[in-house]
Amino acid sequence: DVYRTRVRENFSTVLPKGYSEVILFTSFGFFGYALGLSEIKSYIPLVVQYLGFDSPLTLIPLITFLTTFPCLFGIHPLITISTIAITLPPGSIALTKLQMAGALLLGYMAYGSLSPFSAVNLVIFGLTKADPIAASIRQNWPYTVAVVLAATVILTYVPL
């Protein structure tokens, strides 16, 4: 009964008040779909290869960086992850589907620990009254770099 009541409350009260978020996330989907229809899918892989990112050891940190860097300035990772996933389709670069998924998840993990705008960091800042920049980027970057490097090695060399 509690579950049924909460679901009904969510659909009748919470979602109608959150129309801005629904529109925002729907527009992300349309943006990704528009990118998928464009010719950018053929150009981006060529640029990536031209810049010398032609192995999983270089591509996984690159994708992690491209996913995480805009999040430091408040851009939601859903935008960057969907953009990367659409513009770098499987087989267009030197990553398997599993390595690509791992790189995108690694980027989301890095966002969670580095971005002062991530939900986890905002809760911690609210509880501890710490400076968001100091508590996220300055304190978490060594851990995040270590995890990215370790995960890159695992995704590259461990047969999955």
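The following paragraphs lead through this structure, from its overall build to individual residues.

The structure is a predicted model. Its average pLDDT is 85, and 99% of the residues reach a score of at least 70. Confidence is lowest in helix H2, residues 19–37, where the mean is 77. It is highest in helix H4, where the mean is 93.

The protein contains eight helices and zero strands. Read from the N terminus, the order of elements is therefore simply α-α-α-α-α-α-α-α. The C-alpha trace spans about 50 × 40 × 30 Å along its principal axes. Of the 160 residues, 31% count as buried. Among contacts with a sequence separation of 6 or more, 66% join residues that are 24 or more positions apart.

The interior may be considered next. In soluble globular proteins, nonpolar side chains tend to be buried together. The largest nonpolar core of this model has 17 residues, and those with the most contacts inside it are Ile63, Ile93, Leu95 and Met100. Four elements give two or more residues to this core: helix H4 (56–68), helix H5 (77–87), helix H6 (97–114) and helix H8. Leu95 shows how such a residue is surrounded. Apart from its neighbours within four places in sequence, Leu95 is in contact with Pro56, Leu59, Ile60, Ile63 and Met100. Two of these partners, Ile63 and Met100, also belong to the residues with the most contacts inside the core.

Two of the contributing helices, H4 and H5, also meet each other. Their axes come within 8 Å and cross at roughly 140°. Angles over 145 degrees count as roughly antiparallel and those from 65 to 115 as roughly perpendicular, so the crossing of H4 and H5 falls into the oblique class. At this meeting, Ile63, Leu66 and Thr67 of H4 touch Thr80, Ile81 and Ile84 of H5.

Helix H5 deserves a further look. Its buried residues are Pro77, Thr80, Ile81, Ser82, Ile84 and Thr87. These residues pack against H2, helix H3 (40–50), H4 and H6. Pro77 lies in H5 and is buried because its relative accessible area is 0%, where under 20% is required. With residues up to four places away in sequence left out, Pro77 touches Cys71, Tyr108 and Tyr111. Pro77 and Val148 are 71 residues apart in sequence, and their C-alpha atoms are 16 Å apart in space.

Some buried residues lie further along the chain. Ser115 is in the loop between H6 and H7. This serine counts as buried because its relative accessibility is 0%. Leaving aside neighbours within four places in sequence, Ser115 is in contact with Cys71, Leu72, Ala110, Asn121 and Ser136. Thr144, found in helix H8, likewise counts as buried because its relative accessibility is 4%. Outside the four nearest places in sequence on either side, Thr144 touches Ala110, Ser113 and Leu114. Ala110 thus appears among the contacts of both Ser115 and Thr144.

Lys129 presents a contrasting case. It is located in the loop between helix H7 (119–128) and helix H8 (132–157). Lys129 counts as exposed because its relative accessibility is 69%, and the class begins over 50%. Most residues other than glycine have a negative phi. Lys129 has a positive phi of about 60°, although it is not a glycine.

The last subject is the pairing of charges. Side chains of opposite charge can pair when their charged atoms come close. The model has two salt bridges. In one of them, the side chains of Arg4 and Asp1 meet at 3.4 Å, N to O. Arg4 counts as exposed at 51% relative accessibility, and Asp1 counts as exposed at 70%. In the other, the side chains of Glu9 and Arg6 meet at 3.4 Å, N to O. Glu9 and Arg6 both lie in helix H1 (residues 2–17), three residues apart, which is about one turn of the helix. Glu9 is partly exposed, with a relative accessible area of 35%, whereas Arg6 is exposed, with 53%.

Conventions
Residues numbered from 1 in each chain as written. Predicted model: local features only at pLDDT ≥ 70, side-chain atom pairs only at ≥ 80, totals over all residues. Heavy atoms only, no water. Buried < 20%, exposed > 50% of the residue type's maximum accessible area, 1.4 Å probe, protein only. Contact = heavy atoms within 4.5 Å. Core = buried A, V, L, I, M, F, W, Y, C linked by side-chain atoms within 4.5 Å. pLDDT = per-residue confidence, 0-100. Salt bridge = Lys/Arg side-chain N within 4 Å of Asp/Glu carboxyl O. Axes fitted to C-alpha atoms, helices over the stretch in contact; angles between N-to-C directions. Parallel < 35°, antiparallel > 145°, perpendicular 65-115°, else oblique.
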